[in-house]
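Q: Could you take a close look at the charged pairs in this one for me? I'd like to know who pairs with whom, and what sits around them.

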Amino acid sequence: MKVKLIKGLSYKYNNLIATKSKPEIDCSKSEGDYLINTGCFACVERAAVDESYSDEKSLDKMTKNELVAYAAENGIDISGCDKKEGILDVIKKFESNDGFTPLEV
């Protein structure tokens, strides 16, 4: 997986370092998910075959962190959702409406 620093001048996590001049990092899926969840990174590319993150994997079987990463990669706003169930509901509503989040009045 490759992620890119999008917020801040530099970031260090374990042995991974991203800076303004070298913002992209190659990392494992779990490291990438963690970095994306910080809000400081965005996914640049995923490994060509990543069975654990495949679209075939049911949203219901994903962990909270996987759902957060999935939402971030698909431009789904999950702000205000703290629990897995809430995140899952927002993602399912988003996908069932072809990418349009219904407005609540």
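**Salt bridges and their surroundings**

A: Let's start inside helix α1 (residues 29-37): D33 and K29 sit 4 residues apart there, so about one helical turn separates them. Keep in mind that this is a predicted model. The side chains of D33 and K29 form a salt bridge, with N and O 2.5 Å apart. Both ends are tucked away: D33 is buried at 6% relative accessible area, and K29 is buried too, at 17%.

K29 has another partner as well. E66 makes a salt bridge with K29, and here the closest N and O atoms are 3.6 Å apart. That pair reaches across the chain, from E66 in helix α2 to K29 in helix α1, 37 residues away in sequence. E66 also counts as buried, with 9% relative accessibility. Put these shared partners together and you get one network of salt bridges joining K29, D33 and E66.

The whole model has 4 salt bridges by this rule. One of them is K2 with E24, at 3.8 Å from N to O. K2 belongs to strand β1 (residues 2-5) and E24 to strand β4 (residues 24-26), so this bridge ties together parts that are 22 residues apart in sequence. E24 is partly exposed, with a relative accessible area of 40%.

Now for the nonpolar side of things. Helix α2 (64-73), together with α3 (84-96), gives two or more residues to the largest nonpolar core. That core has 12 residues, among them L59, M62, L67, Y70, I87, L88 and F94. L67 is a handy one to click on: leaving aside residues up to four places away in sequence, L67 touches L59, M62, K84, I87, L88 and I91. There is also a second, separate core of 11 residues, which includes M1, V3, I25 and C27.

C27 brings up the cysteines. How many disulfides does a search of the whole structure find? The count is 0. As for C27 and C43, the sulfur of C27 has its closest cysteine sulfur in C43, 8.5 Å away, and that is too far for a bond. A pair would need its sulfur atoms within 2.5 Å to count as a disulfide. C27 is buried, at 11% relative accessible area, while C43 counts as partly exposed at 26%.

Methods: Residues are numbered from 1 along each chain as its sequence is written. This is a predicted model: local features need pLDDT of at least 70, side-chain atom pairs count only at pLDDT 80 or more; totals for chains, interfaces and linings use all residues. Side-chain values use heavy atoms; hydrogens and water are left out. A nonpolar core is a set of buried Ala, Val, Leu, Ile, Met, Phe, Trp, Tyr and Cys residues joined through side-chain atoms within 4.5 Å. Buried means under 20% relative accessible area, exposed over 50%, partly exposed in between (1.4 Å probe, protein chains only). Contact means heavy atoms within 4.5 Å.
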